[in-house]
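The following paragraphs offer a guided reading of a protein model. The reader is invited to keep the sequence and the coordinates in view throughout.

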Protein chains: 2
Amino acid sequence: MSSNDTSAATTIARAAKAAFEASQLVPSSERVRALSEIRKELENAKAEILDANRRDLQAAQVEVDAGRMSTSLLKRLDLTKEDKWDSMLQGVTDVAELPDPTGNVTYASELDDDLELYRVTCPIGVLLVIFEARPEVVVNIAALAIKSGNAAVLKGGKESNETAQLLSKAIQTALAKTSIPSAYIQAIQTRAEVSALLELDQYIDLVIPRGSNSLVRNIQNNTRIPVMGHADGLCHVYLDESADADKAVRVVVDSKTDYPAACNAAETLVVHESLLQTVWPKVAQALLDADVQLLCDPATLSALLPSAPSKLSTLVRASQPADYATEHLSLTLSVLAVPSLSVAISHINSHSSHHTESIVTEDQAAASTFCRGVDSAGTFVNASTRFADGFRYGFGTEVGISTGRIHARGPVGLEGLVIYKYMLRSKGESGHIVGDFGTGPGRKQYKHANIDAATVPF
Amino acid sequence: MSSNDTSAATTIARAAKAAFEASQLVPSSERVRALSEIRKELENAKAEILDANRRDLQAAQVEVDAGRMSTSLLKRLDLTKEDKWDSMLQGVTDVAELPDPTGNVTYASELDDDLELYRVTCPIGVLLVIFEARPEVVVNIAALAIKSGNAAVLKGGKESNETAQLLSKAIQTALAKTSIPSAYIQAIQTRAEVSALLELDQYIDLVIPRGSNSLVRNIQNNTRIPVMGHADGLCHVYLDESADADKAVRVVVDSKTDYPAACNAAETLVVHESLLQTVWPKVAQALLDADVQLLCDPATLSALLPSAPSKLSTLVRASQPADYATEHLSLTLSVLAVPSLSVAISHINSHSSHHTESIVTEDQAAASTFCRGVDSAGTFVNASTRFADGFRYGFGTEVGISTGRIHARGPVGLEGLVIYKYMLRSKGESGHIVGDFGTGPGRKQYKHANIDAATVPF
């Protein structure tokens with residue numbers, strides 16, 4: 001990258017950090033008011049924004065016609081489609097109404113008479129959020145960042161540049177009506193700026209990539225800043241020895257077909273070998289009826305031959321080892337037979353992306369073993385992998401889904417955008433010093449008495 | 001690094017991950033039993049271990065005599081010093097008796113009739129812990145890892161190699177008497193192995209460096225694996241306009257002199273300019289009486305001239321800008337006057353390592369502003385920065401102190417070694433699928449009813 005990019009990125013990152021620091025003294029009620037101003041400003045600027053969106057769509061149509069862009073990407077750009085505009089605005093209000101994730105005391109202890117310790121939730125700092133195509137993400141992410149007290153630098157896909165610029169402008173206009181600094185939410189346009197920002201770990205505290213596997217991997221490989229998200233969603237369903245056939249059909253079909261392009265869709269079905277002649281053919285038939293292509297190992301393949309459904313020749317074929325490490329993201333499912341629950345768990349632990357896995361079983365002990373033995377963010381019993389989602393979990397909204405193992409795992413709500421700090425207050429006559437404590441004569445002992453407090457009392 | 005190192009490291013890391021995965025089905029009571037076996041085995045092997053420690057000490061003495069090692073490093077190697085051996089053993093028992101950080105439900109919700117979601121704490125995975133000199137850290141860290149359910153690979157300083165090897169051997173002998181795999185705790189000897197392990201983010205989940213600034217920075221710059229800890233401890237004390245003189249003297253002297261080499265010792269004193277002729281000379285005199293060297297800006301320096309204490313010439317000098325970015329780790333303190341609380345906060349936010357800062361004040365509003373406006377892991381009022389410590393905070397023990405902004409911040413107890421997973425159970429007649437929910441006719445709505453549960457009921 002050029003020194004210009006570095007210098008521009010440094011200016012942006014510094015301004016974001018300064019805005020974050022200044023915002024720490026702004027009460028959280030002002031952040032809620034900012035969200036309501038943003039909604040108003042978006043309504044005011046609606047015509048202008050939708051004009052810009054039309055220009056983005058026209059440019060995209062040229063790309064589609066020239067075969068350089070997919071129709072599905074073009075559709076994702078469209079802010080006028082169905083109720084997209086209204087639900088974007090509603091999203092701002094919904095986030096505003098969620099409980100404040102900051103200022104909550106999660107540990108409080110009286111260390112000594114008149115010496116009180118409070119662990120209190122607070123924002124992380126400056127977020128760098130990188131996403132593709134859908135321009136309304138600018139508004140979603142800005143709302144989440146503001147609600148949680150974090151500053152954010154946003155980079156959308158170049159296809160939605162005109163729309164994103166006007167959305168950001170509306171957000172900044174709204175922020176100018178509050179005591180939150182307007183550099184709190186900044187939008188950037190170029191990849192070179194992103195590359196430069198990924199170097200600035202003194203200003204940027206967390207990177208949240210939302211997009212393709214290659215986008216996420218590329219970012220993970222090019223920064224020392226912590227990255228929250230997931231590159232892959234290689235989820236499994238396991239049909240246990242005791243699986244109920246109807247549950248197996250419902251859970252497998254929903255996990256695979258409800259939304260095959262989602263990260264929480266199933267990619268591999270693991271079948272206990274005792275089911276090969278019983279439950280498996282029923283599940284296979286239901287999948288074939290839903291036009292799912294089955295990539296089968298020898299045992300599951302040969303079990304289908306006697307019944308030989310008409311679609312067998314086109315939709316069923318023998319699997320390759322690589323199929324079990326592939327996120328199909330389409331109506332394709334890898335299938336494998338195993339001799340035991342423990343082999344199923346081993347296969348899953350070594351092939352899964354540690355996102356979400358489900359067991360179909362009538363056996364409580366097997367359910368318990370699976371949920372503990374499978375090392376994934378979500379371990380489910382008789383339920384579709386598609387339930388792995390912030391809204392379905394009850395978080396109101398979702399920052400993303402993390403397959404990381406620190407800070408936040410699985411669907412991440414607003415809680416994933418906060419950390420905590422420790423506030424310690426001496427109310428004593430002479431302040432508190434550690435030299436007064438210890439084992440010698442006349443030394444004090446720590447008291448460590450629980451304090452019941454929901455918020456910091458000073 | 002050579003391909004041999006890579007291959008050896010891969011074998012170690014794979015074995016650690018396999019041991020971790022296998023351990024997920026071992027009840028946590030077995031982890032407590034393992035700690036008691038470790039204590040017994042250390043007692044059995046005491047003579048042998050102390051022999052090895054004597055050999056390490058003899059080799060170190062040669063280095064000290066040749067001027068290649070400091071006496072203080074040699075002293076840290078000595079396991080026979082005072083009650084070090086006994087307190088190492090007691091530490092194992094103490095950790096065993098701490099509350100189990102795993103298996104605790106932190107969120108539970110009924111998503112639908114008979115569809116229950118539990119967020120339950122669980123270990124992170126495989127820890128790589130790198131430390132210097134003190135051999136007893138092998139035992140401390142092994143105890144923390146086992147208690148929290150994490151596998152660990154440990155690398156100590158080469159000076160304590162013989163001792164560390166026998167301590168590890170005792171731990172593995174003890175683990176062999178339990179159902180926890182013995183590869184759960186592995187010790188490695190070479191830096192080349194560490195370098196190779198830092199590449200293996202598919203097996204190693206968290207790196208915990210405990211040692212010098214350069215050790216920590218070097219690791220942070222050479223791995224994609226998350227790193228928990230701190231490189232610097234550049235802590236500040238701020239004397240507010242309303243500071244009480246006696247509290248100021250006590251808090252500043254304790255923060256600086258109680259243990260100057262600690263990361264939570266104060267390195268810079270920030271003084272409100274209204275105190276230059278009142279509180280500051282008293283604080284300065286107390287610091288000089290404690291042999292603290294003062295590096296003063298022009299305002300704080302000239303304020304000392306009229307009183308001109310006898311030690312002024314040797315212990316007081318004019319500061320350079322770099323002094324305010326220096327972690328002295330000795331009886332040296334940088335001093336700066338500021339015109340206001342907000343300038344103090346700005347100076348601290350831009351110079352601090354975000355570890356711990358303290359304000360001395362009689363003004364509640366100033367205390368509140370400081371605690372919120374200063375962006376550090378600990379913000380204290382009328383209390384020494386030295387209180388920033390896991391034991392003092394009441395965590396029983398401490399994994400380290402984190403200046404990171406995700407996962408864990410400040411002194412980290414056992415809670416910092418766990419994350420969570422989501423377990424979802426359908427108890428319904430036909431399993432649960434997302435296709436049944438939605439806005440269309442006959443579709444179900446999510447219930448999101450709180451479940452009161454401390455542990456997962458299956």
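Helices and strands are here DSSP runs, a helix (H or I) having at least four residues and a strand (E) at least two, and they are numbered from the N terminus. With that convention, the place of N104(A) can be given as the loop between α5 (84-97) and β1 (105-112) of chain A. The model is a predicted one.

The surroundings of N104(A) may be described next. Its relative accessible area is 32%; because buried means under 20% and exposed means over 50%, N104(A) is classed as partly exposed. The side chain of N104(A) reaches the backbone oxygen of D100(A) at 3.1 Å. Leaving aside residues up to four places away in sequence, N104(A) touches R119(A), V120(A), T121(A) and A454(A). S214(A) lies 110 residues from N104(A) along the chain, and the C-alpha atoms of the two are separated by 37 Å.

A second asparagine, N264(A), is found in the loop between α10 (245-257) and β8 of chain A. N264(A) counts as buried, at 4% relative accessibility. Its side chain makes a polar contact of 2.7 Å with the side chain of R386(A). R386(A) is also one of the residues that N264(A) touches beyond four places in sequence; the others are C235(A), H355(A), T385(A), A388(A), D389(A) and R392(A).

From these local sites the description turns to the chain as a whole. Chain A contains 16 helices and 17 strands, and its C-alpha atoms fill a box of roughly 85 × 70 × 40 Å along the principal axes. Of its 458 residues, 59% count as buried. Among contacts in chain A between residues at least 6 apart in sequence, 72% join residues at least 24 apart. The domain assignment divides chain A into domain 1 (3-220) and domain 2 (235-396), and the C-alpha centres of these two domains lie 37 Å apart.

How is chain A related to chain B? A rotation of 180 degrees, with 0.0 Å of shift along its axis, superposes chain A on chain B with an RMSD of 0.0 Å. That is the relation of a two-fold axis. The same surface serves both copies, since 100% of the contact residues of chain A recur in chain B. Of the residues of chain A, H407(A) comes closest to the rotation axis, its C-alpha atom being at 1.9 Å.

Both chains contribute to an open sheet of 11 strands with mixed pairing, whose order is β10(A)-β9(A)-β11(A)-β8(A)-β7(A)-β12(A)-β13(A)-β16(B)-β2(B)-β1(B)-β17(B). Its edge strands, each pairing on one side only, are β10 (316-318) of chain A and β17 (449-450) of chain B. Within the chain A portion, β8 (residues 266-272) and β11 (residues 332-338) run parallel and are joined by five bridges. One residue pair in this arrangement is V270(A), whose bridge partner in β11(A) is L336(A).

The strand β16 (residues 418-426) of chain A can be followed in the same manner. On one side, β16(A) pairs with β2 (residues 115-123) of chain A in the antiparallel sense over nine bridges, and here L117(A) stands opposite L424(A). Four bridges also join β16(A) to β13 (residues 378-381) of chain B, the two strands running parallel; in β13(B), the bridge partner of L424(A) is F380(B).

In a regular strand the side chains alternate between the two faces of the sheet. In β16(A), V418(A), Y420(A), Y422(A), L424(A) and S426(A) lie on one side, with I419(A), K421(A), M423(A) and R425(A) on the other, and all are buried. Nine of the nine residues of β16(A) are thus in the buried class.

Helix α14 (residues 341-351) of chain A has L341(A), A344(A), I345(A), H347(A), I348(A) and N349(A) as its buried residues. These pack against β7 (235-239), β8, β11, β12 (356-360) and α15 (364-373) of chain A, together with α1 (3-23) of chain B.

Finally, the nonpolar interior deserves attention. The largest nonpolar core has 182 residues, of which L42(A), I185(A), L42(B) and I185(B) touch the most other members. Not counting residues up to four places away in sequence, I185(A) touches A142(A), A145(A), I146(A), A152(A), L154(A), I171(A), Q172(A) and L175(A).

Definitions and conventions:
Residues are numbered from 1 along each chain as its sequence is written. Chains are lettered from A and ligands numbered from 1 in the order in which they are written. This is a predicted model: local features need pLDDT of at least 70, side-chain atom pairs count only at pLDDT 80 or more; totals for chains, interfaces and linings use all residues. Side-chain values use heavy atoms; hydrogens and water are left out. A nonpolar core is a set of buried Ala, Val, Leu, Ile, Met, Phe, Trp, Tyr and Cys residues joined through side-chain atoms within 4.5 Å. Buried means under 20% relative accessible area, exposed over 50%, partly exposed in between (1.4 Å probe, protein chains only). Contact means heavy atoms within 4.5 Å. Copies are superposed by least squares on the C-alpha atoms of residues with pLDDT of at least 70 in both. Domain bounds come from an automatic or database domain assignment. Two strands pair if DSSP finds at least two bridges between them. A polar contact is a pair of N or O atoms within 3.5 Å; within protein, one must be able to donate a hydrogen and the other to accept it, and residues adjacent in sequence count only if both atoms are side-chain atoms.
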